[in-house]
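Welcome! Here is a short tour of a protein structure, written for someone meeting one for the first time. Please keep the picture in view as you read.

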Amino acid sequence: MWKTESKGAARVEEAIKQLLPPCQIKCPINEDIQRTNVLISLLPEEMEQARPQIIEISDYLYEKNPFFNICGYICGLCELECNYKTKGGAIRRRLLKRFLSDVYTEHLSQKEEFGVVRDKENVAVIGGGPGGLMCAYALSKKGYRVTVFEASNRLGGALWLIPSYRLPADVLSTTLSNLVRIAGIDVKYGAKLGEGKLTIEKLRNDGYRAVFLAKGTPYPRVLTFDGEVVEGQDLSGVMYGHTLLYEVSHGNIGRDYFEGKRLIVIGGGNVAFDVARTARRLGGDVTIVALEAEDKSSRDGIPADEEEISGAWEEGIRIVYSRGVERIIGEHGRFKGISCPKCTSVFDDEGFNPKFDCADCVSLEGDTLIITVGQVPDKAFLQREELLDEKGRLIVDPFTLQSLRKGFVFVGGDVRRIGFMVEAMKEGLVAADSIERYLRGLDMREGRKRDYEGYVIPVRKSYKSDLEVAWIPPEKRMHFQLFEKGLTLREAREEAKRCITCGPCVSCKACISIGFEKSLYAVEVDVERCSGCGMCVYACNYDSAHLTEVDGNTISKTDMFKCKSCGMCVVACPSHARELVDDGTEQRIQRVLAVL
Amino acid sequence: MKHYEPKLVCFSCKFGWGYLADEEELSHRIKNWVPIICSGKIDAIHILDAFKQGADGVLILGCPEGDCHYQDGNFEARKRVLLLQGILKAYGIEKERLRIEFSVDPEGNTIPQIVKEMSDAVARLGPVKKTKDKAKTASAAHR
């Protein structure tokens, strides 16, 4: 049974030239995707035997990403850039991680705490969402004493707004409670900054030497048309999507809350779709009205994920594209309908600037209107703390996340720019790095910028198609249990095997850490022997072996950044001009042959 | 005819065969076994050398088609085997003495069995007929 050895553990930071597989570049926190795919593909066939190795792989991922088992349910950004996507479908990395998660989440409560001596400065993290916790995790591992100030009575922030049919509540709560335990992070609940005497200045006086502000966007954005707030948002029967998701996640809404009701959900983002599908599960007859167009590839395309849209469609939700809301119609103080002019364009070169054709206007009637057009930060608090400029924008260095008004304050996550969970996590990591530099008196910028270069797809005779994602059929999934089936061990091994490991060996080293290879052997070309015939170029699947001119002679060379040390070129060379340095295979063969 | 046990050399791809087993332990059960990172890394020379050194057969175990970690190493190995079988024939070495199998067996438990099966088949052929003349004619024909 293989066991990964620390000596072969790859860390992205160590890779020279920062060449990475495209999935790993796409992942904001550069997770070691290829390496763990290889390890998953080599799991034992029986679950009982596989379990310790699944935990081993997961422990490795956890070091860098203590949220990975949540990512396995809701992320999958990496799949967008997979080299395989045009050759049979991207590797289902999200589901592979969910497969690990299904074993690892149970194991988390037994995971030992990190034995870190925390004797460095006190740092305050404001907000217990993914951004804040990631920052706290990174700093705590480095020996800082971190306290998270969470306004509510539970960690997770906006993650709780994700409906439980996509992310089960127990996976979320188990992950969060163990994260703070394992990393030794102190949490103060019900501690809302800006309320009572709790201010950033007070934190500073209390001995916190740096502050990471990741308060997220607690308030819904109000509906506007042509720059003006649309009237009627205070009518009975009008609500905001966030409020609904919040109340549902707290168990405050009955199962048939919207039974027999006609609902209109305004918005085209993932959250709007979460709201619509939630409302549908509560018995409502739901129509989504989105400003954006149906064609996702156009500039004005709907931002929600393909899977959200098809899921909603399957569940019987109507989607009206390219319509804005000019007016909310009420009757006797109750919501009655909306009038929706055609949206002719959403973005121009300057950004969001919707244009409408009011001659083409339709009216939609309904019993309830749910507005889900975005969320906004607590501006009043930021204003009081003097973190905004005169135009009401945060003044933060986008590279270091350091506030330009208060040097000991760092700002990141949704409060700065709304994004995916993993983008907030990335900002948490950036802030943690900045805070360390700030407290250690180091240069805030030096050596931080990384340019990554992706890899092209290797040459291959055949490609396999991806596995079918299994969803419970719509008529059977009108509840809040997971509707997507996880992978079996067999499926996970097969899917991981599809990964063509297009990335460079230096950032992977899976084969070394499990003892398949001793090192990444360099290919050496004996120029005296090389005739420049090009057989090696033909044999190489990675565009690594190539021909070049030296003193008027054509000879072959190997680009070590692309080379996988597979030895195909060595075997292909008719004049034995190529050799893998330090590779013991030849000796091993000769030893066996010698005793025949 | 007295009992004759053929000498087989077995190469196996590490990504397909026996990677969960203890290599040391498994090597006691498989004589002349060479686990190799990719079947595509087995040179024609290695195979010819094996026969030169007195092997009665060479068995190559590659990973399943389309599974190669190095994209197409197993395909290359198969190609090489087919071409070599023709050359070996010219030396009087039957093509049954060089065999390639594509499958996956993480525990490697089936390897001794496959070796045994091939060994039985080779035993029926008897030892490689080393007729010097034959070799001479063959090499002459190649010149």
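## Where the two chains meet

Let us start at the contact between the chains, to which chain B gives 29 residues and chain A gives 28 residues. On the chain B side, three elements each supply at least two residues: strand 2 (33-36), helix 2 (44-52) and helix 3 (73-90). What kinds of residue does chain B bring to chain A? That side is a mixture, with 12 nonpolar, nine polar and eight charged residues.

## How far to trust the model

Keep in mind that this is a predicted model. For chain A the average pLDDT is 93, and 98% of the residues reach at least 70. One stretch to view with care is residues 7-16 of chain A, where the pLDDT is below 50. In the model, that stretch still has 17 contacts beyond near neighbours in sequence.

## A walk along chain B

Chain B has 143 residues, and 46% of them are buried. Try tracing its five helices and four strands. Starting from the N terminus, you should meet them in the order β-α-β-α-β-α-β-α-α.

Now think about which parts of chain B come together. Taking contacts between residues at least 6 apart in sequence, 76% join residues that are at least 24 apart.

## The domains of chain A

Chain A is split into four domains. Two of them are built from two separate segments: domain 1 covers 6-111 and 490-513, while domain 2 covers 122-218 and 377-440. Domain 3 spans 221-373, and domain 4 spans 523-594.

How do domain 2 and domain 3 of chain A touch? Four residues of domain 2 are in contact with eight residues of domain 3. The domain 2 side of this contact has four nonpolar residues, with no polar and no charged ones. Between the centres of these two domains, taken over C-alpha atoms, the separation is 30 Å.

## Looking inside

In soluble globular proteins, nonpolar side chains tend to be buried together. Here, the largest nonpolar core has 200 residues. Val125(A), Val211(A) and Val265(A) have the most contacts inside this core. Helix 13 of chain A, residues 421-440, gives the most to the core, with nine residues.

Which residues surround Val211(A) once its neighbours within four places in sequence are left aside? Its contacts are Ala124(A), Ile126(A), Ile200(A), Leu203(A), Phe408(A), Val409(A) and Phe410(A). Find Val211(A) in the picture and see how these partners are arranged about it.

Key
Residues are numbered from 1 along each chain as its sequence is written. Chains are lettered from A and ligands numbered from 1 in the order in which they are written. This is a predicted model: local features need pLDDT of at least 70, side-chain atom pairs count only at pLDDT 80 or more; totals for chains, interfaces and linings use all residues. Domain bounds come from an automatic or database domain assignment. Two residues are in contact if their C-beta atoms, placed from the backbone, lie within 7 Å. Ala, Val, Leu, Ile, Met, Phe, Trp, Tyr, Cys and Pro count as nonpolar, Asp, Glu, Lys and Arg as charged, and the others, Gly among them, as polar. A residue is buried if 20 or more other C-beta atoms lie within 10 Å of its own, exposed if 12 or fewer, and partly exposed in between; C-beta atoms are placed from the backbone. pLDDT is the predictor's confidence in each residue, from 0 to 100. A nonpolar core is a set of buried Ala, Val, Leu, Ile, Met, Phe, Trp, Tyr and Cys residues joined through C-beta atoms within 7 Å.
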